[in-house]
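Here is a short report on one protein chain. The sequence and model come first, then the salt bridges, the sheet and the helices.

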Amino acid sequence: MGFPGDMLSRPGLREHRHGRDDNPRPPAPAFRWVPIRSLSERHRPRILAHLLALDEADRYLRFGHPATDAQIARYVDGIDFERDEVFGIFNRRLELIALAHLAYLGDSREAEFGVSVLPKARGRGYGARLFDHAVLHARNRGVDTMVIHALSENTAMLRIARNAGATIDRAGTDSEARLRLPPDDVASHVSEIVEGSAAEIDYRLKAQARRLDGLIDAIADVKAMIGSRSGQAGID
């Protein structure tokens, strides 16, 4: 359930009476597109590897308890790709570094959101990007409420939910955030198509680059082996 990251907002600047800023702030970082790919049944092993890479503290925040390897394996086996949606962010080595699960809740118009980001990929806003992506998909499927269950100590998750406009109810160690979603429209459907197509192209380019790197490494290994044998023959 837990996810690091922060939703970026542009604060208003206080103006000096002569038009100068009394308290100048650094400019907001430029928007950087992040390719978020929809995952399917064939990605189950990668999803499992991603979650197993989380340490005990991260598992506690993601699942609400320090889930064991066996419990995580059962969770991954239980993902229904026909009903739910799973999204991922891959690095250049095609490692799944951030993962979100959007679970549609039965016949209701609600969906539950959960996310995890590997430690080495934190601080880049991936959690917030995945949340926005999930909201877009949920809207386009008639969902009107996003639900997030989190531990009350999981301030990162609750901050993102609060910044998005969600109401948060705390009950001791547990919290529930609920965000009302606007209805879908033409723009939301076009955005989903464009983002999905771009992410697929990005993934294929990364895959091709990985294959090329592997070919170059193999050629280098063969050259090194031939050179070693030639040197040995000269000694003999």
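Arg83 and Asp84 join side chains in a salt bridge, with 2.7 Å from N to O. This is a predicted model. The two partners sit in unlike surroundings. Asp84 counts as buried because its relative accessible area is 4%, under the 20% cut-off. Arg83 is partly exposed, at 45%. The structure holds 13 salt bridges. Three of them are listed here.

| Salt bridge | N to O distance | Relative accessible areas |
|---|---|---|
| Arg83 and Asp84 | 2.7 Å | Arg83 45%, Asp84 4% |
| Arg141 and Glu85 | 3.1 Å | Arg141 40%, Glu85 14% |
| Arg139 and Asp185 | 3.7 Å | Arg139 15%, Asp185 37% |

Take the pair of Arg141 and Glu85, whose closest N and O atoms are 3.1 Å apart. Arg141 lies in the loop between α4 and β5, and Glu85 lies in strand β2, so the bridge ties together parts that are 56 residues apart in sequence. Glu85 is buried, with a relative accessible area of 14%. Arg141 is partly exposed, with 40%. Glu85 and Arg141 also belong to a network of salt bridges that includes Glu192.

What does the bridge between Arg139 and Asp185 tie together? Arg139 is in helix α4, while Asp185 is in the loop between β7 and α6, so the link spans parts 46 residues apart in sequence. In this pair the arginine is the buried partner: Arg139 has a relative accessible area of 15%. Asp185 is partly exposed, at 37%.

**The sheet**

The chain has 6 helices and 7 strands. From the N terminus, its elements follow the order β-α-α-α-β-β-β-α-β-α-β-β-α. The 7 strands build an open sheet with mixed pairing, in the order β1-β2-β3-β4-β5-β7-β6. Its edges are β1 (37–39) and β6 (167–171), each of which pairs on one side only. From one strand to the next, the twist averages 25°.

Strands of a sheet pair through backbone hydrogen bonds, either parallel or antiparallel. Which sense holds for β3 and β4? Strand β3 (residues 96–104) and strand β4 (residues 110–117) are antiparallel, with 7 bridges. Across this pair, His101 stands opposite Gly114 in β4.

At the β6 edge, β6 and β7 are likewise paired in the antiparallel sense, over 5 bridges. Thr167 faces Arg178 in β7. The two strands form a hairpin with 2 residues between them. Gly172, in the turn, has a positive phi of about 70°.

**Helices on the sheet**

Helix α1 (residues 44–52) lies across β1, β2 (85–90), β3 and β4. It runs at about 110° to β3. Helix α4 (residues 126–140) also packs on the sheet. It touches β1, β2, β3, β4, β5 (145–151) and β7 (174–180). The direction of α4 makes about 30° with that of β3.

Which residues of helix α5 are buried? In α5 (residues 155–163) they are Ala156, Met157, Leu158, Ile160 and Ala161. Their cover includes α4, β5, β6 and β7. After α5 comes Gly165, with a positive phi near 100°.

**Surface and overall figures**

Helix α6 spans residues 186–235 and contains Val194. Is Val194 buried or exposed? Val194 is exposed, because its relative accessible area is 52%, over the 50% cut-off. Together with Val186 and Val190, Val194 forms a nonpolar surface patch. The accessible area of the three is about 280 Å² together.

For the chain as a whole, the exposed area is about 13900 Å². Carbon and sulfur atoms supply 54% of that area. Of the 236 residues in the chain, 39% are buried. Contacts between residues at least 6 apart in sequence were also sorted by separation: 64% of them join residues at least 24 apart.

Terms used. Residues are numbered from 1 along each chain as its sequence is written. This is a predicted model: local features need pLDDT of at least 70, side-chain atom pairs count only at pLDDT 80 or more; totals for chains, interfaces and linings use all residues. Side-chain values use heavy atoms; hydrogens and water are left out. Patches are made of residues with over 30% relative accessible area and no salt bridge: like charges are joined within 9 Å, nonpolar side chains (Val, Leu, Ile, Met, Phe, Trp, Tyr) within 5 Å. Accessible areas come from the Shrake-Rupley method with a 1.4 Å probe; for residues, only the protein chains shown count as cover. Helices (H or I, at least four residues) and strands (E, at least two) are DSSP runs, numbered from the N terminus. Buried means under 20% relative accessible area, exposed over 50%, partly exposed in between (1.4 Å probe, protein chains only). Two strands pair if DSSP finds at least two bridges between them. Axes are lines fitted to C-alpha atoms, for helices over the stretch in contact, and angles run from 0 to 180 degrees between N-to-C directions. Contact means heavy atoms within 4.5 Å.
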